[in-house]
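Please open the structure in your viewer and keep the sequence beside it, so that each selection can be followed in both. The tour below goes from one selection to the next.

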Amino acid sequence: MSDGNEELTGIRHDLGNGSVAWGPCHVGKEAVIGANCSVGALAHVGSEAILGDGVRVQGGAYVASICELGDDVFIGPNATLLNDRHPPSRDRGKWLPVIVESGAVIGGGATILPGVTIGQHAVVAAGAVATKDIPSGEVWGGVPAKFLMTRDEYESNRKEGSDE
């Protein structure tokens with residue numbers, strides 16, 4: 001028996017421009033992947049999805065076809081960005097992309113419904129369900145998601161427990 005490293009090591013796929021995907025995962029046809037991105041193992045990035053520079057899609061996350069992520073977006077593990085309000089519509093003409101603007105954070109296990117826009121530097125908390133647009137610089141959580149605090153308050157809370 002081996003030391004186990006072979007079984008535990010994901011397969012690294014170079015996507016160009018400093019971007020990587022960790023297999024097994026799915027990157028759909030005509031998806032656009034910016035520079036310095038990372039797609040985690042078991043993640044799904046659908047066809048024609050657009051990922052800006054510096055995007056991180058964690059393991060198990062699902063980014064549906066035609067969704068658009070700006071620069072420096074973080075998608076937590078097992079988060080889901082949907083595109084079909086009445087699945088399975090089987091009609092791409094009815095699909096609505098999720099738009100996640102630059103610097104936004106989608107927490108692990110969060111769900112973003114089709115057609116929702118997450119504003120710049122907004123945060124959707126882990127496990128939340130975003131049913132409507134989230135304004136820039138705000139943190140929303142819960143089911144359905146509601147306003148919790150500003151991004152500045154969030155950052156302050158993050159730093160309280162750190163060594164900084």
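## From paired strands to unusual loops

In this predicted model, begin by selecting strand β2 together with strand β5 (residues 38–39), which pair in the parallel sense over two bridges. Within this pairing, pick out A21, whose bridge partner in β5 is V39.

Next, add strand β1 (residues 11–16), which pairs with β2 in the antiparallel sense over five bridges; here A21 of β2 is the bridge partner of H13. Two residues separate β1 and β2 in the hairpin that they form, and N17, in the turn, has a positive phi of about 55°. Now colour β2 (residues 19–23) by accessibility: four of its five residues are buried, so the strand is largely enclosed by the rest of the structure.

Move on to G23 and P24, which are joined by a cis peptide bond with omega of about 0°; P24 is found in the loop between β2 and β3 (26–27). Another cis peptide bond runs from P87 to P88, with omega near -15°, and P88 is placed in the loop between β12 (80–81) and β13 (99–100). Most peptide bonds are trans, and most residues other than glycine have a negative phi.

Staying in the loop between β12 and β13, select R90, which has a positive phi near 55° and counts as exposed because its relative accessibility is 75%, where the cut-off is over 50%.

Finally, go to D72 in the loop between β10 (68–69) and β11 (74–75): its phi is also positive, near 60°, and at 54% relative accessibility D72 counts as exposed.

Note on methods
Residues numbered from 1 in each chain as written. Predicted model: local features only at pLDDT ≥ 70, side-chain atom pairs only at ≥ 80, totals over all residues. Heavy atoms only, no water. Buried < 20%, exposed > 50% of the residue type's maximum accessible area, 1.4 Å probe, protein only. Pairing = 2+ DSSP bridges.
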